[in-house]
Amino acid sequence: MNKTKKITLKTFRFNAETDYLPYYKHYEMEVGKDELILDLLNRIKWEHDGSFSYRRSCRHGICGACGIKVNGKATLACKQNALELVALFGDELVIEPQSKKRAVKDMIIDKEDFWKKHDTVLPYVVTDVDPHPEHETKQSIADFNNFLDSDLCIQCGLCYYSCPAVEVNPDFLGPAAFNSAYRFTVDPRDEASKERLEITGAMGQGVWNCVKCFECAQACPKDINPIEKITKLHNMEFVAGTAESNVATRHAEGFVRSIKKYGLLDEADIVLYSEGYLGMFKHLGTAIDMMKSGKIHWHSGIPFIDSVPKIKNLDEVQKLIEISQTHTL
Ligand code: SF4
Ligand code: SF4
Ligand code: FES
């Protein structure tokens, strides 16, 4: 059995000090079954071009330095087997930095925006520590398990630079910052949870601007699932009473309202409730498409015409909501 495979690395090259535009260089190499993407980056540098630049430190998926993109896929270079990606993408691997527009030199990017946003959410336990404590601060296993996976974040930035909301909205704090916010907000020792929820709940920068595309969950090499933490923060905003009434929070309320009333989603009512009549007008094009496909009817959303059918056993659904709802909207 052939233990190696000949592949081409089409590699992004750019030096912000000397190049006006980036370009790609091709490197051919025989790759063994145990080689990682980081091994291939090392081989470019050691065997082909000593000026090739990238970040790496631990080689064990701990320091978060070696995040890049391979054929557009967010990749932690020291964790990813190279031939697995060849099986996925073919014999040419396209090696690029996490964010081409932030490239400083080859794979090295300027992560200033990432770190600034991380800093914004107070990513540490805020509390007055007794300088002479009589005993350690104890924590229950349940409390610990509540933030265990979010604590595994290595700040690699892979989720952040895969997030489409970050690309279109420079104020959006992004999945890694929200994950950190969640981690410290649920820590029972912390005393800044309200402040943190206000920061992460603010429109424009906060969790309500997430478009729920799940890219961050796909990208995370530590299986942290930042979108799950974002959803928990949504809930925590309501529980803590920090959620402001805006189109996003009313949209969330609209779901529960509709299920409580009909056991079904009343799409027209959700738009009316969250955006008002002006908002309905804004979505007229979509509404017409939805009417054509039978999702809503011409009389949907008109006051006093209650045309949405109710499910059988609606009372059971209402009871379930009553039992499981931890807060009033
Ligand atoms: S789910 Fe939200 S935070 Fe995650 S990548 Fe999509 S928009 Fe960004
Ligand atoms: S949440 Fe995952 S992908 Fe995002 S910075 Fe942390 S470890 Fe990296
Ligand atoms: S080199 Fe540290 S995470 Fe890859």
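How much area does the protein expose, and what share of it do carbon and sulfur atoms supply? The protein exposes about 18,400 Å², with 55% supplied by carbon and sulfur atoms; the areas come from the Shrake-Rupley method with a 1.4 Å probe.

A quick word on the ground rules: this is a predicted model, where local features need pLDDT of at least 70, side-chain atom pairs count only at pLDDT 80 or more, and totals for chains, interfaces and linings use all residues. Residues are numbered from 1 along each chain as its sequence is written, chains are lettered from A and ligands numbered from 1 in the order in which they are written, and side-chain values use heavy atoms, leaving out hydrogens and water.

Overall, the protein has 13 helices and seven strands (DSSP runs: H or I of at least four residues for helices, E of at least two for strands, numbered from the N terminus). Its C-alpha trace spans about 75 × 65 × 45 Å along the principal axes.

Now the sheet. Five strands make an open sheet in the order β2-β1-β5-β3-β4, with mixed pairing; a pair needs at least two DSSP bridges. β2 and β4 are at the edges with a single partner strand each, so one side of each lacks a neighbour in the sheet. β3 and β4 run antiparallel, joined by four bridges, and Ile68 has Thr75 in β4 as its bridge partner.

Two helices touch this sheet (contact: heavy atoms within 4.5 Å), and their angles use lines fitted to C-alpha atoms, over the stretch in contact for helices, from 0 to 180 degrees between N-to-C directions.

| Helix | Residues | Angle |
|---|---|---|
| α1 | 37-48 | about 110° with β2 |
| α2 | 82-89 | about 115° to β5 |
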